[in-house]
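Open your viewer and get comfortable. This is a short walk from the whole chain down to single side chains.

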Amino acid sequence: LALSCERLAEEFPEARMRREYDWVKNPQDRNIQEMGKVQWASQVETGEDAADRLRQDPEAPPFAPFYWGVREHRQGDIGSKKVVKRIRQL
């Protein structure tokens, strides 16, 4: 099942995810981005240590992707029980 970012935001507006390489703004690596606020889909940020990552691997993408850790649902921060139930139905 392949869904665009915009479609994910539409299907799971109350879900939460996080940006990777975001240790300064989100040092606890929590899922703080609300998926339904779809502006995240067009944001372009390099994330922390981008220059170091590119030195280590010049072909690495310089941008900090969003991560929706659905397998981590037991931590309780990807969304409500309703979100988890809908994910399991996919």
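The stops below tell you what to select and what you will find there.

**Before you start**

You are looking at a predicted model, where local features need pLDDT of at least 70, side-chain atom pairs count only at pLDDT 80 or more, and totals for chains, interfaces and linings use all residues. Residues are numbered from 1 along each chain as its sequence is written, and side-chain values use heavy atoms, with hydrogens and water left out.

**Stop 1: the whole chain**

Show the chain as a cartoon. There are three helices and three strands, and from the N terminus on they run α-β-β-α-β-α. Helices (H or I, at least four residues) and strands (E, at least two) are DSSP runs, numbered from the N terminus. The C-alpha atoms fill a box of roughly 40 × 25 × 20 Å along the principal axes.

Now switch to a surface. The chain exposes about 6,400 Å², and carbon and sulfur atoms supply 50% of that; the areas come from the Shrake-Rupley method with a 1.4 Å probe, and for residues only the protein chains shown count as cover. Of the 90 residues, 29% are buried. Here buried means under 20% relative accessible area, exposed over 50%, and partly exposed in between (1.4 Å probe, protein chains only).

**Stop 2: the sheet**

Go back to the cartoon and colour the strands. They form an open sheet in the order β2-β1-β3, with antiparallel pairing. The edge strands, each pairing on one side only, are β2 (33–34) and β3 (66–67). Two strands pair if DSSP finds at least two bridges between them. Strand β1 (residues 16–19) pairs with β3 in the antiparallel sense over two bridges. Select Arg19 and you will see Phe66 of β3 opposite.

**Stop 3: Met17**

Next, pick Met17, which lies in strand β1. Is Met17 buried or exposed? Met17 is buried, with a relative accessible area of 3%. Draw a distance from its C-alpha atom to that of Phe66: the two are separated by 6.8 Å, although they are 49 residues apart along the chain. Leaving aside neighbours within four places in sequence, the contacts of Met17 include Ile32, Met35, Trp40, Phe66 and Trp68. Contact means heavy atoms within 4.5 Å.

**Stop 4: Asn31**

Move to Asn31, in the loop between β1 and β2. Asn31 is buried, at 3% relative accessible area. Which side chains does its own side chain reach by polar contacts? One is that of Arg18, at 3.2 Å, and another is that of Asp77, at 2.9 Å. A polar contact is a pair of N or O atoms within 3.5 Å; within protein, one must be able to donate a hydrogen and the other to accept it, and residues adjacent in sequence count only if both atoms are side-chain atoms.

**Stop 5: the rings**

Finally, show the aromatic side chains. The structure holds three aromatic pairs. In one of them, the rings of Tyr21 and Trp23 have centres 5.9 Å apart and planes at 75 degrees, so the pair is edge-to-face. Rings of Phe, Tyr and Trp (its six-membered ring) pair if their centres lie within 6.5 Å; planes under 30 degrees apart count as stacked, over 60 as edge-to-face and the rest as tilted. Tyr21 is partly exposed at 31% relative accessibility, and Trp23 is partly exposed at 42%.

Keep Tyr21 selected and add Arg53, whose charged end sits over the Tyr21 ring, 3.7 Å from its centre. A charge sits over a ring if NZ of Lys or CZ of Arg is within 6 Å of the ring centre and within 35 degrees of the ring normal. For your last selection, take Arg86 and Phe12: the charged end of Arg86 sits over the Phe12 ring, 4.5 Å from its centre.
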